[in-house]
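Hi,

Here is the structure I promised to pass on. Have a look at it first, and my notes follow below.

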Amino acid sequence: MEIPVKIAPDEGGYTGRECPTCEKYFKIKFGTGLPSASECHCPYCNHVGLQNVFWTKQQLEYARSVVLNQISGDLLQQMKRMERRPDPNAFISIGITVKGQPTPIAYYTESELEERLTCSSCTLEYAIYGAFGFCPDCGVHNSFQILNANFDLALKVLDLAKISADEIKSKLVENALEDVISSFDGFGREHCLNLPGKLSFQNIAATKEKLLRENGIDISLGLNTAQWSFVCEQFQKRHLLAHKMGVIDDDYASRTGTHPSLIGRKVVITESDVRILIENLQVVGQNLVKGVARS
Ligand SMILES: [Zn+2]
Ligand SMILES: [Zn+2]
């Protein structure tokens, strides 16, 4: 006997999923991604399996309870038909009363998740904990997509800076620089999780050397020496902003070749510099994605 049970999506159209390997929860909007995705990727551990092994414990519990409810309800109805009152005229008569309720249905609600995403490769709409993960339909990692979304946001902040008063303008430009570098750092770390050793992208010059030496990945590919020095200089500027109130010190001067007469002055960060940095970091990011995929 087969009893079909419908697992309905939540009010946002998302259906909960649970990885059979790491048991972590995520949600997908069926029908928004690949036209015939019979397999599902876990966004967290990238386990791949058929869609029907990704039901959540609550969904299975619900399905089981719906079936039990129907069977026990049918059974009760059949037994009810056997009910009879005792015959008042008979010398001995036994009445039958059937009591009971069908087993209850275990209703559930899908949980809210922190990050809703649309895959830039296959357009699947999905929701996960945290920010980074693999697309459940096509398996593409979203770190580059998130990096680009953060860059777009920084570009909007720079647009705003353009039309703001000087005092606010410089603050917005400084913030944009810090955001661009911290999102690149987050992207880089996430992307290199499976490489041996811990990598930080705050000091991009040292990380470039390390990746080249240990993994054969050249993240500056496609940039000339001047462009790469420019990138490194912007990272040094961010370091000054974060730790020295933006005031040029000996260390900055020697690393960037700044004239010693400028030590003690505030570093200058321009809106167009941050825009150029974003363009260059898109190249660096792509090199990292390709390099890590190969290694
Ligand atoms: Zn998993
Ligand atoms: Zn996808």
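**Helix 5 and the zinc site**

The residues of helix 5 that come out as buried are Trp228, Phe230, Val231, Cys232, Gln234, Phe235, Gln236, Lys237, Arg238, Leu240 and Leu241. Keep in mind that this is a predicted model.

What lies over those buried residues? The cover includes helix 3 (166-191), helix 4 (204-215), helix 6 (250-256) and helix 7 (271-294).

As for helix 5 itself, it runs over residues 225-243, 19 residues in total. From first C-alpha to last it reaches 27 Å, close to the 27 Å expected at 1.5 Å a residue. Both ends are worth a look on screen. At the start of helix 5, Asn224 puts a side-chain oxygen within 3.2 Å of the backbone nitrogen of Ala226. Just after helix 5, Met245 has a positive phi of about 55°.

Now over to the metal. The zinc ion (ligand 1) has four cysteine sulfurs as its protein donors: the SG atoms of Cys19, Cys22, Cys42 and Cys45, at 2.2 to 2.4 Å. Along the chain, these donors are spaced as C-x2-C-x19-C-x2-C. The angles between the four donor atoms around the zinc ion are 105 to 120°, so the arrangement is tetrahedral.

Two of the donors are worth checking for accessibility. Cys19 has 0% relative accessibility and therefore counts as buried, while Cys22, with a relative accessible area of 28%, is partly exposed.

Cheers

Note on methods. Residues are numbered from 1 along each chain as its sequence is written. Chains are lettered from A and ligands numbered from 1 in the order in which they are written. This is a predicted model: local features need pLDDT of at least 70, side-chain atom pairs count only at pLDDT 80 or more; totals for chains, interfaces and linings use all residues. Side-chain values use heavy atoms; hydrogens and water are left out. Donors are N, O and S atoms within 2.8 Å of the metal (3.2 Å for Na, K and Ca); water is not among the atoms, so sites may look incomplete. Four donors count as tetrahedral if all angles lie between 85 and 135 degrees; four count as square planar and six as octahedral if opposite donors are over 155 degrees apart and all others between 65 and 115; anything else is irregular. Buried means under 20% relative accessible area, exposed over 50%, partly exposed in between (1.4 Å probe, protein chains only). Helices (H or I, at least four residues) and strands (E, at least two) are DSSP runs, numbered from the N terminus. The expected span of a helix is 1.5 Å times one less than its number of residues. Contact means heavy atoms within 4.5 Å. A polar contact is a pair of N or O atoms within 3.5 Å; within protein, one must be able to donate a hydrogen and the other to accept it, and residues adjacent in sequence count only if both atoms are side-chain atoms.
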